[in-house]
There are 2 protein chains.
Amino acid sequence: MEHSDFGKRFAGRIGIGELMDDLGNALVADPAPLMLGGGNPSHVPPVQARFRKRMEAILAQPGEFERVIGNYDTPQGAKLFIESLVELFRSEFGWKVGPENFALTNGSQNSFFYLFNLFAGRFEETRRKQILLPLAPEYIGYSEVGLEKDFFRANRPEIARLEDNLFKYQVDFDSLRINEETGAVCFSRPTNPTGNVVTDEEVSRLRELANRQGVPLIIDNAYGTPFPNIIYEEVQPIWDEDVIVCMSLSKLGLPGLRTGIVIAREETIRIVSRMTSVFSLAPGGMGPALALDMVKTGEITRISREVVRPFYENKAQRAVAWFKREMEGLPFAIHKPEGALFLWLWFEGLPISTQELYERLKQKGVLVVSGHYFFPGLEEDWPHKDECIRVTYAQDDELVEKGLSLIASEIREIYSNS
Amino acid sequence: MEHSDFGKRFAGRIGIGELMDDLGNALVADPAPLMLGGGNPSHVPPVQARFRKRMEAILAQPGEFERVIGNYDTPQGAKLFIESLVELFRSEFGWKVGPENFALTNGSQNSFFYLFNLFAGRFEETRRKQILLPLAPEYIGYSEVGLEKDFFRANRPEIARLEDNLFKYQVDFDSLRINEETGAVCFSRPTNPTGNVVTDEEVSRLRELANRQGVPLIIDNAYGTPFPNIIYEEVQPIWDEDVIVCMSLSKLGLPGLRTGIVIAREETIRIVSRMTSVFSLAPGGMGPALALDMVKTGEITRISREVVRPFYENKAQRAVAWFKREMEGLPFAIHKPEGALFLWLWFEGLPISTQELYERLKQKGVLVVSGHYFFPGLEEDWPHKDECIRVTYAQDDELVEKGLSLIASEIREIYSNS
């Protein structure tokens, strides 16, 4: 059977595909590998208990369970849930939003497919625009969502070396070019894979540059505030009609229910809703139903601040301490963990590629993600792209500690043989 | 903000978008309109009770609820559910399938986006292929899923006039052309919007033609057998490596959980799974979890045959009887209802367009779908395209009877004024 040009793209190796396969297979494998590769969030007990209680309440309210499973929502998504979100963001941040500024999708990945292809690609058949990623490395999942070739342009970061084997990426504004070939500017905050939090000052400058070019600033807030709030720096969340904020219920604990949230100007929301109708009829209804009362009461903010954030922040600190201990005497650096679920480990001058390191670690029973996947749109030769790996610290402590220890011993072996 | 060529397509009127908006808004409107427009399935009490019981069982099994909501599945979809489907289709129909022949998606609409664009569109930049719909009218939701223009070619049907104001569409094989511009052949069975069931003989001939051209035959089985089995004719379900069967849990009663099922050769399944990873990471996990034990025990087949089919067949018969009674003395025809949730009403020589009829009925509080939306790929002028409407009989009897009565009185008024 012959495949279209579009279809052929999916026949080869795709980073996010392999990552998701690793992740899913690890869950059912026996013996299970130490899964430090995927983006599955932790099962945070108080949050899970809250969702369980809510499901019991849905079952107890006559007809409610049947309504949730048995009816299509509109393509824009569950009305009551959207109204509660409006209230939350108005009261939490003072954003001037209404229901016309919200659309639900089948997960954030889905949102990016819609938004990126709305603002980049072909224009009047002849012109092209790209999505500008101002701070590489960026999220692996962006890589293939563009319907056209050369869809992304990424900007190489400045690297600030900090104390204690830490470093932090910063936007290199000197080399950043926003021009008529830029369709939109996008960054994740906190950043997947690095755990970086783009500073308020950087955000202001990027916003100004995007505004000047008349293109939207898209902020991937999947790990950000007010939920799940896996962010360890105090930041100022922003939104206006020229900004698009993408959120998700996944990292709060509902990845199995595929719920993304887009906050944007009315025109954009209308188009995103139309896209949902065409590509999947409607967003799923169970995620919104399970989170509804938590949003309504504002409890989602409280639980994110008081439970979720400290849960992950403590895990991050422990993971950093374990890794430093295990790597004693070896060259390495860790991106300062400011949020999200990951440690981004840099092995400067590593004698093998990180893809090779991934393979070797897989043999030893530890799954990580090779860093080279996280540079969509950065075509230039840069050894750094092959010197980093992403590991998650969302798994159980024992597993994370063991996994980090195996990584360290593999690195030790590599250096001792070279 | 400037939108891409792709994005611009979603700024205008889109049939499936308006239909889904109507559907969702009707559910929360006060007073609620008589919603005969949408494809929401009935809430069939014994089926709903079964899903409720299953959710209670999931909650009772320690950690199970948390696993379903809190973990990503692989892009291919929940492993255990797929294994149960394999067993079901092997034992039910004797199909030689394995887990490598199944992929889950976020609903059937999602499946068609993937499959249609895999087999049609641009080839080596220069050639184009289309999806051939051998029997128009066809499902409204196909219309916009193609990433390229002129994506569909539909074949005008033969109309067999039957007794009792009934008629049936038949494939016009004389005018059917399958050639090097055909990427795949697709039909829904039972057909949405008509309730037609393409005969076994027609299927055989289409399969032979597709095989000869080396392109897949895609069968949209969203209403078909073995589940939900909303099909009132005895038919022979087929599958082999050259056929792709698309199924769904929606019409069984889970539209809110967005679960589609693709059954195809391994190569196709691998690509569909990769597409899922890129466009939405993974399919939702709750639909598969709720249906798992019903598939495992084969109860899904029994409940579909003994409960779901008679439920809808009786509703279809009552709806036909009511409409005939109300239309006494007026010209009309109904497509022989052989399955799915719809009556397809034909008002031959109607003095106004069906879009106008839709507007007038909306004013009176009845929502239907204008038939002109159901002819994607049939560009030729044909008055019949503007003479039909789709009405669902899945709603409560009282509502259906009242809606049909209002439609009849509107038609009566139109004829008395012309």
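Colleague: What makes residues of chain B count as being in contact with chain A, and how many are there?

Modeller: Two residues are in contact if their C-beta atoms, placed from the backbone, lie within 7 Å. By that test, 77 residues of chain B are in contact with 77 residues of chain A. Helix 2 (15–28) of chain B is among the elements that give two or more residues to this side, and with 9 residues helix 2 of chain B gives the most. Helices (H or I, at least four residues) and strands (E, at least two) are DSSP runs, numbered from the N terminus.

Modeller: A word on the model: it is predicted, so local features need pLDDT of at least 70 and side-chain atom pairs count only at pLDDT 80 or more, while totals for chains, interfaces and linings use all residues. Residues are numbered from 1 along each chain as its sequence is written, and chains are lettered from A and ligands numbered from 1 in the order in which they are written.

Colleague: How do you know through which surface the copies meet?

Modeller: 100% of the interface residues of chain B are also interface residues in chain A, so the copies meet through the same surface.

Colleague: What relation links chain B to chain A?

Modeller: A turn of 180° with a shift of 0.0 Å along the axis lays chain B on chain A with an RMSD of 0.0 Å. That is the relation of a two-fold axis. The superposition is by least squares on the C-alpha atoms of residues with pLDDT of at least 70 in both copies.

Colleague: Why is helix 3 of chain B called oblique to helix 10 of chain B?

Modeller: Their axes, lines fitted to C-alpha atoms over the stretch in contact, come within 9 Å and cross at roughly 140°. Angles run from 0 to 180 degrees between N-to-C directions; under 35 degrees counts as roughly parallel, over 145 as roughly antiparallel, 65 to 115 as roughly perpendicular and the rest as oblique. The crossing therefore makes helix 3 of chain B oblique to helix 10 of chain B.

Colleague: Which residues meet there?

Modeller: B:Pro46, B:Val47 and B:Arg50 in helix 3 of chain B meet B:Ile303, B:Val307 and B:Val308 in helix 10 of chain B.

Colleague: Where do the domains of chain A lie?

Modeller: The domain assignment gives domain 1 (5–45 + 302–416) and domain 2 (49–300) of chain A, with bounds from an automatic or database assignment. Their centres, taken over C-alpha atoms, are 23 Å apart, and the contact takes 44 residues from domain 1 and 46 residues from domain 2 of chain A.
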